Amino acid sequence: WRSTAGPPRPHDGARDALTVRELTEPMARMKPVRTRAIYAGSFDPITLGHLDIIQKALLTFDVVHVAVGINPLKSGLFDPNERLDLIRRSVLDLELGGPRELPPQVEIGAFQGESVIKYARRIGATHIVRGLRQSSDFDDEFRYHGILGRLDPNMPMIHIICRETFLHVSSSTARELASLGEDVSWLVTPSVEAALRGKAKS
């Protein structure tokens, strides 16, 4: 994966705090590609369902840019830096890029204080990817599609349905079950599972 939020963090749990600018400023060295899709969300934390959407998007687009949206008015379980780190770790857990090697066709970034459309333009995205899990998602996505279409009618939005195995997988379910001491290995990767257990103990 190619990160736009700074160099990869060590995997021993030690992390330096990132400034908002470091989190939200894409790398100027990003190579031009034919298609770059942005997949934005809170990813608090990233789940196997999210990873399924990313893997499917990679079958269509040259690069998939996974963007963590930061809302300062909402306090999540994991801070933005932790979410970015868990995205990296989850890819390593799946060994999509080989042992301790992140695949270059995926980028990781974060944005705050701007719309996803504005951020998409800033990183040179050609498409927006959205995931669908169940029928109730369609109403929300239909409204979202209309809003983004008014902001930029030239930015296509592609909806991807996750595998049936992950239809009931969500970040909120993972957080709730982990806080109750239940097994969440069917919801998240081992790295995220360990992080959730750590939060439950603190």
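**Notes on a predicted α/β model**

1. Let's start at a loop worth a look: proline 45 sits in the loop that connects E2 to H2. Keep in mind that this is a predicted model. The peptide bond between aspartate 44 and proline 45 is cis, with omega at about 5°. Phenylalanine 43 belongs to the loop between E2 and H2 as well, and its phi is positive, near 50°, although the residue is not glycine. For context, most residues other than glycine have a negative phi, and most peptide bonds are trans. If you check backbone geometry, you may like to begin with these residues.

2. Phenylalanine 43 also takes part in ring packing. How many aromatic pairs does a search of the whole structure find? The search gives two. In one of them, tyrosine 39 and phenylalanine 43 meet edge-to-face, with 5.4 Å centre to centre and 80° between the planes. Tyrosine 39 and phenylalanine 43 are both buried; for phenylalanine 43 the relative accessibility is 2%, under the 20% limit for a buried residue. The other pair is phenylalanine 111 with tyrosine 119: the ring centres are 4.9 Å apart and the planes meet at 20°, so this pair counts as stacked. Here, too, the partners are buried, phenylalanine 111 at 10% relative accessibility and tyrosine 119 at 0%.

3. Now the overall layout. The protein has seven helices and six strands, and from the N terminus the elements follow the order β-α-β-α-β-α-β-α-β-α-β-α-α. Of the contacts between residues at least 6 apart in sequence, 77% join residues at least 24 apart. Of the 202 residues, 47% are buried. The accessible surface is about 10800 Å², and carbon and sulfur atoms account for 52% of that surface.

4. Strand E2 (residues 36-41) deserves its own point. Five of its six residues are buried, so the rest of the structure largely encloses E2. On one hand, E2 pairs with E3 in the parallel sense over six bridges; on the other, E2 pairs with strand E5 (residues 127-132), again parallel, over three bridges. Which residues are the bridge partners of tyrosine 39? In E3 the partner is valine 66, and in E5 the partner is valine 129. Arginine 36 of the E2 strand faces valine 63 in E3.

5. Strand E3 (residues 63-69) is mostly covered, with six of its seven residues buried. Together with E2 and helix H2 (residues 48-57), E3 makes up a right-handed β-α-β unit. E3 also runs parallel to strand E4 (residues 106-111), with six bridges joining them. Within this pairing, alanine 67 stands opposite glycine 109 of E4.

6. On to the nonpolar packing. In soluble globular proteins, nonpolar side chains tend to be buried together. In this model the largest nonpolar core holds 36 residues, and the members that touch the most others are Val129 and Leu196. Several elements each supply at least two residues of this core, including E2, E3, E4, helix H3 (80-94), helix H6 (171-179) and helix H7 (190-201). A second core is separate and has 14 residues, among them Ala67, Val116, Ala125 and Met157.

7. A closer look at leucine 196 links back to the first point. Neighbours within four places in sequence aside, leucine 196 is in contact with Pro45, the proline of the cis bond after aspartate 44. The other contacts of leucine 196 are Leu77, Phe78, Ala174, Arg175, Ala178, Val184 and Val188.

8. Finally, isoleucine 160, which lies in strand E6 (residues 157-161). Is isoleucine 160 buried or exposed? Its relative accessibility is 11%, so isoleucine 160 counts as buried. Although 31 residues separate isoleucine 160 from valine 129 in sequence, their C-alpha atoms are 7.2 Å apart. Leaving out neighbours within four places in sequence, the contacts of isoleucine 160 are Ile53, Lys56, Ala57, Val129, Arg130, Gly131 and Leu132. Valine 129 thus turns up in several places: as a contact of isoleucine 160, as the bridge partner of tyrosine 39 in E5, and as one of the core residues that touch the most other members.

Terms used
Residues are numbered from 1 along each chain as its sequence is written. This is a predicted model: local features need pLDDT of at least 70, side-chain atom pairs count only at pLDDT 80 or more; totals for chains, interfaces and linings use all residues. Side-chain values use heavy atoms; hydrogens and water are left out. Rings of Phe, Tyr and Trp (its six-membered ring) pair if their centres lie within 6.5 Å; planes under 30 degrees apart count as stacked, over 60 as edge-to-face and the rest as tilted. Buried means under 20% relative accessible area, exposed over 50%, partly exposed in between (1.4 Å probe, protein chains only). Helices (H or I, at least four residues) and strands (E, at least two) are DSSP runs, numbered from the N terminus. Two strands pair if DSSP finds at least two bridges between them. A crossover is right-handed if, with the strands pointing away from the viewer, the path from the first strand over the helix to the second runs clockwise. Contact means heavy atoms within 4.5 Å. Accessible areas come from the Shrake-Rupley method with a 1.4 Å probe; for residues, only the protein chains shown count as cover. A nonpolar core is a set of buried Ala, Val, Leu, Ile, Met, Phe, Trp, Tyr and Cys residues joined through side-chain atoms within 4.5 Å.
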